[in-house]
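Visitor: Could you take me through one part of this model in some detail? I would enjoy a slow, careful look.

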Amino acid sequence: MTWDQMQELMWPATQETFQMVGVSALVTVLLGLPLGVLLVLTDKGGLLANRAVNKAIGFVVNIARAVPFIILMIALISFTRWLVGTSIGWQAATVPLTIGAVPFFARLVETSVREVDRGLVEAVQSMGGSTWTIVRKTLLPEALPGIVASVTTTVITLIGYSAMAGTVGGGGLGTLAVNYGYQRFETAFMWVIVAELVIIVTAVQLIGDFAVQRLSHRGRIGGRTRLLGRATAPDKDLVAS
């Protein structure tokens with residue numbers, strides 16, 4: 001296979017990979033972020049401590065994380081077909097990708113939020129801050145570098161999962177590697193695809209690391225002072241003593 005032939009096949013496949021990873025990552029963050037915060041809030045000593053709710057959420061998250069992704073894809077074929085109208089292609093692949101990534105990301109968010117200084121939370125709480133105010137103005141801003149690092153890790157995991165989805169017709173570079181690199185014994189083409197995936201993952205990691213460094217640096221330079229200033233400023237979420 002010539003280089004021109006490779007390029008003609010790789011560009012559409014790369015677009016499909018970006019689409020399935022992008023959509024899955026967006027939905028994962030939208031669902032996993034509040035789920036991770038809720039795990040912290042409902043835990044023992046949390047602002048919304050509720051053992052039953054916390055155990056129920058934790059149980060579901062742990063079960064979802066324990067299922068191997070390849071099995072999850074197969075198990076969700078009927079659900080995927082019902083939801084998006086097809087069980088093949090990048091659109092279908094976004095369903096198991098998202099369901100597999102949400103619990104993973106939620107646990108990473110939980111870890112990041114738990115690292116927020118408890119004393120800072122108590123200080124804002126003592127000033128009359130409601131739960132929503134503490135989450136919005138204390139927990140999330142303080143945990144932001146960790147959350148961004150979690151997003152980076154999740155996106156990289158989704159890229160790996162997207163390649164795995166190619167084994168069952170998920171589209172993207174994974175399908176290309178299976179159809180040509182494996183079934184047609186185009187070994188050179190397979191290594192080109194592997195090299196492209198390595199480049200994509202490296203770029204995502206570098207961008208994520210840069211963002212974390214910038215956010216961490218900003219947080220060290222008076223970040224908490226500004227945070228307390230915002231939290232104690234007049235706000236409709238603050239409750240009167």
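Which helices each supply at least two residues of the nonpolar patch?

Guide: Happy to take you there, and please keep in mind that this is a predicted model. The helices you are asking about are H2, covering 51-66, and H3, covering 69-75; each of them supplies at least two residues of the nonpolar patch. The patch lies on the surface and comes to about 820 Å². Its members are Phe59, Val60, Ile63, Val67, Ile70, Ile71, Ile74, Ile77, Met164 and Val168. You can pick out Ile74 in helix H3.

Val168 is a good member to pause on. Look for Val168 in the loop between helix H7 (131-165) and H8. With a relative accessible area of 37%, Val168 is partly exposed. From this loop we can step across to Val178, which is 10 residues away in sequence, with 9.4 Å between the two C-alpha atoms.

Val178 brings us into helix H8, where it is one of the buried residues. Helix H8 spans residues 172-182, and 9 of its 11 residues are buried, so this helix is largely enclosed by the rest of the structure. The buried set consists of Gly172, Leu173, Gly174, Thr175, Leu176, Ala177, Val178, Tyr180 and Gly181. So along this short walk, Val168 is partly exposed at 37%, while Val178 is counted among the buried residues of H8.

Now let us turn from nonpolar side chains to charged ones. Side chains of opposite charge can pair when their charged atoms come close. The structure holds 4 salt bridges. One of them joins Asp43 to Arg114, with 2.7 Å between the closest N and O atoms. This pair connects distant parts of the chain: Asp43 sits in the loop between helix H1 (3-41) and H2, whereas Arg114 belongs to helix H5 (residues 90-114), and 71 residues separate them. Asp43 has a relative accessibility of 23% and counts as partly exposed. Arg114 is partly exposed too, at 39%.

Arg114 has another partner, Glu110, in a salt bridge with an N to O distance of 2.7 Å. Both residues lie in helix H5, 4 residues apart, or about one turn of the helix. Glu110 also meets Arg107 in a salt bridge, again given as 2.7 Å from N to O. That pair too is within helix H5, with a spacing of 3 residues, about one turn. Arg107 is buried at 17% relative accessible area, and Glu110 is buried at 8%. Through shared partners, the salt bridges join Asp43, Arg107, Glu110 and Arg114 into one network.

Since we have arrived at helix H5, let us finish with how it meets H4. Two packed helices are described by the angle between their axes and the distance between the axes. Helix H4 takes in residues 77-84, and its axis comes within 9 Å of the H5 axis, crossing at roughly 120°. H4 and H5 are therefore oblique to each other, and their crossing is right-handed.

How values were computed. Residues numbered from 1 in each chain as written. Predicted model: local features only at pLDDT ≥ 70, side-chain atom pairs only at ≥ 80, totals over all residues. Heavy atoms only, no water. Patch = residues over 30% accessible without salt bridge, like charges linked within 9 Å, V, L, I, M, F, W, Y side chains within 5 Å. Areas by Shrake-Rupley, 256 points an atom, 1.4 Å probe, with all protein chains shown as cover. Salt bridge = Lys/Arg side-chain N within 4 Å of Asp/Glu carboxyl O. Buried < 20%, exposed > 50% of the residue type's maximum accessible area, 1.4 Å probe, protein only. Axes fitted to C-alpha atoms, helices over the stretch in contact; angles between N-to-C directions. Parallel < 35°, antiparallel > 145°, perpendicular 65-115°, else oblique. Left-handed = near helix turned anticlockwise from the far one by under 90°.
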